[in-house]
Amino acid sequence: MSHELFEAAREAMARAYAPYSKFPVGAAIRADDGSVYVGANIENISFPQGWCAEPTAIGAMIMGGGSRIEEIAVIAEKLPLCTPCGGCRQKIAEFASADTRIYLCDDQGVQKTVTMAELLPYAFETDVIG
Ligand code: THU
C-alpha cells in the first residue's frame, strides 16, 4: 500500500514546476474516501508566491471530495527522506491524526515512516477558534 503511494508521489514530482529552486517535490495522499490525491510544488517568479507539493495535494483532496489524510508519501528528487517543511506539517496536521503515517522516500521507495505526532509535536491546536 505504501509503495503505491510512493509511486504516485514520484509521478506527481515529475509535474513539479520548480524552475527557480530546481528542487522538485511530490506528495501523495490516501484519503478517507479511498482515493489517492497527488501534488507537486509550484513556484513563482515572485518567490514567496510559490507553494509546496503538500498543499497542492491537500487542495486536490478537498476538491476531490476527500476530507481526512489516512497516509501521505513525500519525495524530493534531490533529497532522500525529504521531510515536509514546518508550514506543511501544520497543513497536514489539519487533516490528519496523531497516528497518521507520513512516508519519507528516496528514489527506490519508502525508507522511513513517521507519525504525525513525531513530525509535529506541540502542533498549534486550540478550542478557542471554532
Ligand atoms: N518544498 C516542498 O514542496 N515541500 C516541502 O515540504 C519542502 C519544500 C518545495 C518548495 C520549493 O518549491 C522547493 O521545495 C525548495 O524549497
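Which residues does Phe-95 touch, not counting residues up to four places away in sequence? The first legend answers this for the predicted model, and the remaining views follow.

**View 1. Surroundings of Phe-95 in the loop between α3 (86-93) and β4.** In this predicted model, Phe-95 touches Ile-58, Met-61, Ile-62, Ser-67, Arg-68 and Ile-69, with residues up to four places away in sequence not counted. Along the chain, Phe-95 and Ile-62 are 33 residues apart, and their C-alpha atoms are separated by 9.9 Å. Two of the residues touched by Phe-95, Met-61 and Ile-69, are listed among those with the most contacts inside the largest nonpolar core.

**View 2. The largest nonpolar core, with 22 residues.** The residues with the most contacts inside this core are Ile-29, Met-61, Ile-69, Ile-72, Ile-92, Ile-102 and Met-116. At least two core residues are supplied by each of β1 (25-31), α2 (53-64), β3 (69-76), β4 (101-105) and α4 (116-119). A second, separate core of ten residues includes Ala-8, Met-13, Ala-73 and Tyr-103. Ile-72, a member of the largest core, touches Leu-5, Ala-28, Ile-29, Glu-54, Ile-92, Arg-101, Ile-102 and Tyr-103, not counting residues up to four places away in sequence.

**View 3. The open sheet of five strands.** The strands are arranged in the order β2-β1-β3-β4-β5, and their pairing is mixed. β2 (36-40) and β5 (110-115) stand at the edges with a single partner strand each, so one side of each is left without a neighbour in the sheet. On average, neighbouring strands are turned by 20° against each other, direction ignored. β3 and β4 pair in the parallel sense over four bridges, and Val-74 stands opposite Leu-104 in β4. Helix α2 packs on the sheet and touches β1, β2 and β3. The direction of α2 makes about 145° with that of β2.

**View 4. The hairpin formed by β1 and β2.** These two strands pair in the antiparallel sense over five bridges. Within the pair, Ile-29 stands opposite Tyr-37 in β2. Four residues lie between the strands, and Gly-34 in the turn has a positive phi of about 90°.

**View 5. Glu-54, the position of an "active site" feature in an unreviewed UniProt entry.** Glu-54 is found in helix α2. Its relative accessible area is 4%, and Glu-54 is therefore classed as buried, the limit being under 20%. Leaving aside neighbours within four places in sequence, Glu-54 is in contact with Ala-27, Ile-72, Val-74, Pro-84, Cys-85, Cys-88 and Ile-92. Among these partners, Ile-72 and Ile-92 also appear among the residues with the most contacts inside the largest nonpolar core. UniProt, again in an unreviewed entry, lists residues 1-127 for "domain: CMP/dCMP-type deaminase". The end C-alpha atoms of that span lie 35 Å apart, and the span is 28% helix and 24% strand.

**View 6. Met-1, in the segment before α1 (2-13).** Met-1 has a relative accessibility of 66% and therefore counts as exposed, the limit being over 50%. Leaving aside neighbours within four places in sequence, Met-1 is in contact with Arg-30 and Glu-71. Met-1 and Arg-30 are 29 residues apart along the chain, and their C-alpha atoms are separated by 9.5 Å.

Notes: Residues are numbered from 1 along each chain as its sequence is written. This is a predicted model: local features need pLDDT of at least 70, side-chain atom pairs count only at pLDDT 80 or more; totals for chains, interfaces and linings use all residues. Side-chain values use heavy atoms; hydrogens and water are left out. A nonpolar core is a set of buried Ala, Val, Leu, Ile, Met, Phe, Trp, Tyr and Cys residues joined through side-chain atoms within 4.5 Å. Buried means under 20% relative accessible area, exposed over 50%, partly exposed in between (1.4 Å probe, protein chains only). Contact means heavy atoms within 4.5 Å. Two strands pair if DSSP finds at least two bridges between them. Axes are lines fitted to C-alpha atoms, for helices over the stretch in contact, and angles run from 0 to 180 degrees between N-to-C directions. UniProt positions are given in the numbering used here, feature names are shortened, and annotations may be inferred rather than shown by experiment.
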